[in-house]
Amino acid sequence: MTKETISAFTLKITSSNKSQLINIVFEIYKVHEAEALEALESGDIKSATHSISKLIEVVNHLQKDLDFKYDISKELNALYDFVQRSLAKAIYQAKPEGIYEARVVMDELSDAFMQIAALDSSEPLMRNTQSVVAGYTYGRTSLNESFMNDQTSRGFWA
């Protein structure tokens with residue numbers, strides 16, 4: 001994962017509510033999945049193993065955050081176990097089939113959590129973070145980002 005990708009995810013995390021945060025975790029999974037498949041395709045087993053290990057870490061994170069006072073958590077736990085076994089199979093076979101098996105489950109879960117996030121209008125988890133405004137300014141090819149702090153103002157707004 002590149003520094004730019006990590007920075008983009010960090011920016012998303014700072015302005016996300018609980019439901020959106022789960023979707024970001026699924027996006028991180030997708031990035032590592034693409035890296036693992038690319039590495040397997042090129043024959044770089046060491047990089048593929050590293051990326052698949054990152055996939056397993058993401059699934060572990062999702063699994064640890066389950067709240068078992070809800071019945072659905074037991075079913076999600078079983079699905080996450082299946083995904084982890086599939087990913088482990090991809091490591092020891094050094095073939096992408098395990099990743100594809102895990103993808104079926106993770107894509108379904110990602111779609112479900114996206115639908116839930118669309119209904120969630122709660123406040124972001126992090127408060128007092130800087131707002132980022134991005135847009136094209138002073139040129140067609142450059143993207144400038146401005147960080148704005150709502151609590152302090154310098155000068156005046158025109």
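Interhelical angles run from 0 to 180 degrees between N-to-C directions, and each axis is a line fitted to C-alpha atoms over the stretch in contact. In the predicted model examined here, helix α2 (residues 18-42) packs with helix α5 (residues 97-119) at an angle of about 155°, and the two axes lie 10 Å apart. Angles over 145 degrees count as roughly antiparallel, and α2 and α5 are therefore roughly antiparallel to each other. The crossing of α2 past α5 is left-handed.

On the α2 side, this contact involves S19, Q20, I22, N23, F26, Y29, K30, E33, A36, L37 and L40. Their counterparts in α5 are I99, Y100, A102, R103, M106, D107, L109, S110, F113, M114, I116 and A117. By class, the residues of the contact of α2 with α5 comprise 15 nonpolar, 4 polar and 4 charged.

Helix α2 also packs with helix α3 (residues 45-64), here at an angle of about 160° and with the axes 8 Å apart. The pair α2 and α3 is therefore likewise roughly antiparallel, and the crossing of these helices is left-handed. From α2, the contact draws on I22, V25, F26, I28, Y29, H32, E33, E35, A36, A39 and L40. Helix α3 contributes I45, S47, A48, S51, I52, K54, L55, V58, V59, H61 and L62. The contact of α2 with α3 divides into 15 nonpolar, 4 polar and 3 charged residues.

The search for enclosed space returned 1 cavity of 30 Å³ or more. The volume of the largest cavity is about 40 Å³, and its lining consists of F26, Y29, K30, M106, D107 and S110. Both α2 and α5 supply at least two residues each to this lining. Residues F26, Y29, K30, M106, D107 and S110 also belong to the contact between α2 and α5 described above. The cavity lining contains 3 nonpolar, 1 polar and 2 charged residues.

Open space was examined as well. The largest pocket holds about 210 Å³ of space. Its lining is formed by I22, L62, D65, L66, D67, Y70, I72, S73, L76, Y80 and F113. Helix α4 (residues 72-93) provides the largest share of this lining, with 4 residues. In composition, the pocket lining has 8 nonpolar, 1 polar and 2 charged residues. Among the lining residues, I22 also takes part in the contact of α2 with α5 and in that of α2 with α3. Two further lining residues, L62 and F113, recur in the helix contacts, L62 on the α3 side and F113 on the α5 side.

Definitions and conventions
Residues are numbered from 1 along each chain as its sequence is written. This is a predicted model: local features need pLDDT of at least 70, side-chain atom pairs count only at pLDDT 80 or more; totals for chains, interfaces and linings use all residues. Side-chain values use heavy atoms; hydrogens and water are left out. On a 1 Å grid over the protein atoms alone, a cavity is a set of points where a 1.4 Å probe fits but cannot get out, and a pocket is an open set with protein on both sides within 12 Å along at least five of seven lines; lining residues have an atom within 4 Å of a point. Grid points are joined across faces, edges and corners, and a volume is the space filled by probe spheres set on the points. Ala, Val, Leu, Ile, Met, Phe, Trp, Tyr, Cys and Pro count as nonpolar, Asp, Glu, Lys and Arg as charged, and the others, Gly among them, as polar. Angles under 35 degrees count as roughly parallel, over 145 as roughly antiparallel, 65 to 115 as roughly perpendicular and the rest as oblique. A crossing is left-handed if the near helix is turned anticlockwise from the far one by less than a right angle, and right-handed if clockwise. Contact means heavy atoms within 4.5 Å.
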